[in-house]
Amino acid sequence: MNIGNAEAMPIIQLEGIVKTYRTGEVDVQAVRGFSLAIARGEFVAIMGASGSGKSTLMNMLGCLDKPTAGQYLLDGVSVGALSRKQLATLRNRKFGFVFQSFNLLPRTSALENVELPIFYRHPLVSLSVQRKCAVEALERVGLGTRLRHYPSQLSGGQQQRIAIARALVNRPEVVLADEPTGNLDSRTSIEIMGLFQELNESGITVVMVTHELDVAAYCNRIIVMRDGRLLSDEPNRNHRTAANELMTLDHAEREANLA
Ligand code: ADP
Ligand code: MG
């Protein structure tokens, strides 16, 4: 990373971020003074126990919610100064979102689930172009043969792939994923982490929340939160590589079948 180099301005820069939820009588301080810079092209894991403020932080990173105090510079732009409408535009342009529970529309095909965000962002683009972009995104995540399937006809891993295609279709600079492997078995989790590693290698910045060290081990940097604060922030130089692990697993499976 080239911190200090003016060329390499962080894509995400947080300074003293605080988030307080007002619910009736009591205030909950979910994030209590959090500062962080993320450079373009990083693959960051955010870890921490349940309730440590990870999702709250992610919602602010993705401009889904505003901090109570502190400054957020997104690509040098102070997010706090923007109107709701400007914020929504910025969010749609910069980010793709992936969630633990996939959040797909149930009675809607894979293709239509992925077309929808194109329609929201570029309503005037022709249907054939929307379709072409959606097909490309689904092919990129390995679902080119499942375009017409409904979520209920697909496995959890395949549903998460649709959600990742949906996150990619508007060519985001940053993908934000909150516990994306939380509902998946271990083999499928490796496949999904492989997909995130591919996206990251293609230049997309990835920030991913997980409470599993096994999963964070695929990222290049691991941040740990505790009680709404930064507990640690370390590079993960010897990160796991999903593609290699999947080859080894496939090989072992073939051997077992031959035996
Ligand atoms: P994590 O994702 O690490 O489990 P969260 O960011 O969801 O943590 O929550 C951090 C704290 O903020 C918790 O104490 C939680 O109960 C509280 N919290 C989260 N969202 C809300 C909300 N919308 N209203 C009130 N309190 C909330
Ligand atoms: Mg959470």
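**Sheets, helix packing and the ligand shell in a predicted model**

Gln-13 stands opposite Ala-37 of strand E2, and in E2 the bridge partner of Ile-17 is Phe-34. The structure is a predicted model, in which local features require a pLDDT of at least 70 and side-chain atom pairs count only at pLDDT 80 or more, whereas totals for chains, interfaces and linings use all residues. Residues are numbered from 1 along each chain as its sequence is written, while chains are lettered from A and ligands numbered from 1 in the order in which they are written. Helices (H or I, at least four residues) and strands (E, at least two) are DSSP runs numbered from the N terminus, and two strands are taken to pair if DSSP finds at least two bridges between them.

Strands E1 and E2 run antiparallel and are joined by 10 bridges. In the hairpin that they form, two residues lie between the strands, and Gly-24 takes a positive phi near 65°. Both strands belong to an open sheet of four strands, ordered E2-E1-E4-E5 and paired antiparallel. The edges of this sheet are occupied by E2 and by strand E5 (77-78), each of which pairs on one side only.

The shell around ligand 1 draws on this hairpin: strand E1 (12-23), strand E2 (26-38) and helix H1 (54-61) each supply at least two of its residues. A residue is assigned to the shell if its C-beta atom, placed from the backbone, lies within 6 Å of the ligand. The residues that meet this criterion are Tyr-21, Thr-23, Val-28, Ala-30, Gly-48, Ser-50, Gly-51, Ser-52, Gly-53, Lys-54, Ser-55 and Thr-56. The largest share, three residues, comes from H1. By class, the shell has three nonpolar, eight polar and one charged residues, where Ala, Val, Leu, Ile, Met, Phe, Trp, Tyr, Cys and Pro count as nonpolar, Asp, Glu, Lys and Arg as charged, and the others, Gly among them, as polar.

A second open sheet contains six strands in the order E6-E7-E8-E3-E9-E10, with mixed pairing. Strand E6 (95-99) and strand E10 (229-235) stand at its edges with a single partner strand each, so that one side of each is left without a neighbour in the sheet. Neighbouring strands of this sheet are turned against each other by 15° on average, direction ignored. Within the sheet, strand E7 (residues 174-178) and strand E8 (residues 205-209) run parallel and are joined by five bridges, with Leu-176 opposite Val-207 of E8.

Helix H5 (residues 156-168) lies across E6 and E7 and runs at about 165° to E6. Axes are lines fitted to C-alpha atoms, for helices over the stretch in contact, and angles run from 0 to 180 degrees between N-to-C directions; residues are in contact if their C-beta atoms, placed from the backbone, lie within 7 Å. Angles under 35 degrees count as roughly parallel, over 145 as roughly antiparallel, 65 to 115 as roughly perpendicular and the rest as oblique. A crossing is left-handed if the near helix is turned anticlockwise from the far one by less than a right angle, and right-handed if clockwise.

H3 packs against H5 at an angle of about 25°, with the axes 8 Å apart, and the two helices are therefore roughly parallel to each other. H3 passes H5 in a right-handed crossing, and the contact is made by Ala-110, Asn-113, Val-114 and Pro-117 of H3 together with Ile-162, Ala-165 and Arg-166 of H5. These residues divide into five nonpolar, one polar and one charged.

The axes of H5 and helix H6 (residues 186-201) come within 10 Å and cross at roughly 15°, so these helices are likewise roughly parallel to each other. Their crossing is right-handed, and Gly-156, Gly-157, Gln-160 and Ile-164 in H5 meet Thr-188, Glu-191, Ile-192 and Leu-195 in H6. The contact has three nonpolar, four polar and one charged residues.

Helix H3 (residues 110-121) also packs with helix H4 (residues 127-140), at an angle of about 120° and with the axes 9 Å apart; H3 and H4 are therefore oblique to each other. The crossing of H3 and H4 is right-handed. Ala-110, Leu-111, Val-114, Glu-115, Ile-118 and Phe-119 of H3 make the contact with Gln-130, Arg-131, Cys-133, Ala-134, Ala-137 and Leu-138 of H4, and the residues divide into nine nonpolar, one polar and two charged.

Methods: Two residues are in contact if their C-beta atoms, placed from the backbone, lie within 7 Å.
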